[in-house]
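Trainee: Could you take me through one part of this chain slowly, and then work outward from there? I'd like to know what sits next to what.

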Amino acid sequence: MTKRNISRTDSDRTQSRRKPSFGLAGVRIAAQRDKNLRFTALLHHVSEERLLNCFKSVNRNAAAGVDEITWAMYREDLLGNISRLHERIHKGRYRAVPSRRVYIPKPDGGKRPLGIAALEDKLVQMALCDVLNCIYEVDFMGFSYGFRKGRNQHQALDALSVGIYRKRVSHVLDADIRGFFDNIDHEWMLKFLGHRIGDKRVLRLISKWLRAGVLENGVRIDTKTGTPQGSGISPLLANIYLHYALDLWVEAWRRHGSRGSVVYVRYCDDFVVGFERQSDAEVFQKALQVRLNKFGLSLHPQKTRLIRFGVFAFRQCQQLGLGKPETFDFLGFTHICAKTWRNKKFTIKRVTIKKRFAAKLRAIRNELWDRRHEPVLVQAKWLRSVIQGHMNYYAVPGNGYRIEAFGELARKHWIRALRRRSQTHNFSYKRFARFAEQWIPRVRIIHPYPSVRFDVMYSR
């Protein structure tokens with residue numbers, strides 16, 4: 001049992017005048033104690049042990065960057081590579097490599113540009129994110145949910161539904177920032193970081209990543225603005241940028257500029273604002289555009305709408321004979337003003353966005369067509385994981401019809417693919433139903449009602 005006492009601790013074994021070091025926990029405590037404190041020594045927390053832990057958490061099957069070094073290749077001399085990388089970082093000889101530009105399809109038919117960083121860049125970015133998160137998780141506002149530890153999309157959806165339902169909301173601003181990741185101003189980004197980061201070595205590292213550029217079709221493209229999506233530090237930088245450019249301003253406007261209730265929920269660059277008064281909504285929309293223009297951002301004119309929404313808007317539309325209020329999309333769900341089936345009370349119904357619903361089924365059909373000659377058990381395991389993953393996100397109360405339709409249509413695509421394995425198939429639907437019942441998960445609602453989960457997490 002005494003062998004357990006051999007491990008080294010951060011505190012001295014005897015009385016000493018030296019202040020004990022608590023590592024990142026000490027950074028978090030200091031950031032929480034003083035919200036105006038600037039940290040002048042942070043890079044020493046990017047240690048060899050932290051870099052090694054980051055390597056273990058990297059996806060070993062991820063695509064390689066421009067240096068074409070994979071996870072398996074780097075592991076062959078892991079300790080030596082980590083030691084040399086740590087030495088280059090602390091001696092100032094580390095150089096960022098351009099990201100490799102790839103495009104992935106978007107649900108609306110467009111393409112989203114992604115930047116695949118080199119493996120060593122991923123390790124350093126992940127290690128520095130661990131350090132910076134200890135500072136900025138204390139500063140970030142409660143209504144920010146995107147890419148934060150312990151927070152997810154469903155918490156943002158719950159907060160939005162509860163806020164609209166319990167506050168006197170009658171208008172909703174569904175806002176979208178045009179090309180946010182491509183238009184982040186580097187000068188403003190470094191100024192925002194300077195409010196809390198006084199370590200010039202850390203700021204120099206981040207500046208290297210911002211200016212590294214991207215490699216597309218063998219041609220290096222300089223990036224004077226923006227940060228490539230897909231890099232490990234981009235989500236944190238996006239949250240820091242919007243924290244200073246948007247969140248603090250919205251909180252101040254909500255406290256001092258509005259005359260009624262205001263509900264605000266943000267997930268990265270997607271945010272929704274609910275208002276009690278229409279005059280507040282109109283003034284806020286104009287001021288928001290001016291505020292974003294100051295920092296090189298702008299609202300998307302086609303995707304930004306101010307609509308009637310909420311319990312009071314629902315009653316007004318019924319009294320005026322205007323039908324139901326308009327709907328808006330947020331985080332994969334279409335939000336609809338509706339009534340409960342049993343008590344006929346107002347509720348916010350959330351259903352899967354039609355475009356995403358159709359796009360996912362189209363992708364399943366194409367994949368099953370390509371897999372039709374694989375063993376049936378292999379196909380069954382793949383389809384089971386896809387349907388289960390879809391339910392894990394979209395199986396919320398009120399979305400039962402879309403979930404059941406998704407499972408049924410996926411089964412139809414599967415039996416069609418199985419029957420095309422041969423021109424003389426003998427795969428009857430009854431036989432297929434028994435097989436699908438064994439392998440395909442039963443469609444059911446997984447998530448609780450928004451108010452139930454919200455009240456548990458925020459009991460105050």
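Trainee: Let's zoom in on Thr352: which residue's side chain is joined to the side chain of Thr352 by a polar contact, and at what distance?

Mentor: Sure, and keep in mind that this is a predicted model. The residue you're after is Asn399: its side chain and that of Thr352 are joined by a polar contact of 2.9 Å. As for where to look, Thr352 lies in strand 11, which covers residues 346-352. Thr352 has 2% relative accessibility, and since anything under 20% is called buried, it counts as buried. Besides Asn399, Thr352 touches Gly332, Phe333, Phe357, Tyr394 and Arg402, leaving aside residues up to four places away in sequence.

Three of those names lead us into the helices. Phe357 is one of the residues of helix 12 that meet helix 14, and Arg402 is among those on the helix 14 side. Tyr394 is one of the helix 13 residues that meet helix 14. That makes helix 14 a handy thing to follow next.

Take helix 12 (residues 354-370) with helix 14 to begin with. Their axes come within 9 Å and cross at roughly 20°. An angle under 35 degrees counts as roughly parallel, so that is the label for helix 12 and helix 14. Helix 12 passes helix 14 in a right-handed crossing. On the helix 12 side, the residues in contact include Lys354, Leu361, Ile364, Leu368 and Trp369; on the helix 14 side, they include Ala405, Leu409, His413 and Ala417. Some of these numbers are spaced in a way you may recognise. An α-helix has 3.6 residues a turn, so residues three or four places apart point the same way.

Now swing round to helix 13. Helix 13 (residues 376-394) and helix 14 (residues 400-419) pack at an angle of about 165°, and their axes are 11 Å apart. Here the angle is over 145, so helix 13 and helix 14 count as roughly antiparallel to each other. This crossing is right-handed. Helix 13 brings Val376, Gln379, Ala380, Leu383, Ile387, His390, Met391 and Tyr394, and helix 14 meets them with Ile403, Phe406, Ala410, Trp414 and Leu418. Phe406, Ala410 and Trp414 also appear in the list of helix 14 residues that meet helix 12.

With that corner done, let's go to the sheets. One is an open sheet of four strands in the order 6-7-3-8, with antiparallel pairing. Strand 6 (262-267) and strand 8 (305-308) are at the edges; each has a single partner strand, so one side of each is left without a neighbour in the sheet. From one strand to its neighbour, the average turn is 15°, ignoring direction. As a reminder, strands of a sheet pair through backbone hydrogen bonds, either parallel or antiparallel.

Strand 7 is a good one to click on here. It pairs with strand 6 in the antiparallel sense over six bridges, and another six bridges join strand 7 (residues 270-275) to strand 3 (residues 171-176), also antiparallel. Val273 shows this nicely: it is the bridge partner of Tyr264, and it is the bridge partner of Leu173 too. Val172, for its part, has Gly274 as its bridge partner in strand 7. Strand 7 is mostly covered, with five of its six residues buried. In the hairpin of strand 6 and strand 7 there are two residues between the strands, and Cys268 takes a positive phi near 55°.

The other sheet to look at is an open one as well, with four strands in the order 2-1-4-5 and mixed pairing. Its edges are strand 2 (111-116) and strand 5 (219-221), each with a single partner strand, so one side of each is left without a neighbour in the sheet. The twist averages 45° from one strand to the next. Strand 4 (residues 214-216) and strand 5 run antiparallel and are joined by three bridges, with Leu215 bridging to Arg220. For a residue to centre your view on, try Ser99 in strand 1 (residues 99-105). Ser99 is buried, at 7% relative accessibility, and its contacts include Val66, Gly115, Ile116, Val214, Leu215 and Pro228.

Conventions
Residues are numbered from 1 along each chain as its sequence is written. This is a predicted model: local features need pLDDT of at least 70, side-chain atom pairs count only at pLDDT 80 or more; totals for chains, interfaces and linings use all residues. Side-chain values use heavy atoms; hydrogens and water are left out. Two strands pair if DSSP finds at least two bridges between them. Axes are lines fitted to C-alpha atoms, for helices over the stretch in contact, and angles run from 0 to 180 degrees between N-to-C directions. Buried means under 20% relative accessible area, exposed over 50%, partly exposed in between (1.4 Å probe, protein chains only). A polar contact is a pair of N or O atoms within 3.5 Å; within protein, one must be able to donate a hydrogen and the other to accept it, and residues adjacent in sequence count only if both atoms are side-chain atoms. Contact means heavy atoms within 4.5 Å. Angles under 35 degrees count as roughly parallel, over 145 as roughly antiparallel, 65 to 115 as roughly perpendicular and the rest as oblique. A crossing is left-handed if the near helix is turned anticlockwise from the far one by less than a right angle, and right-handed if clockwise.
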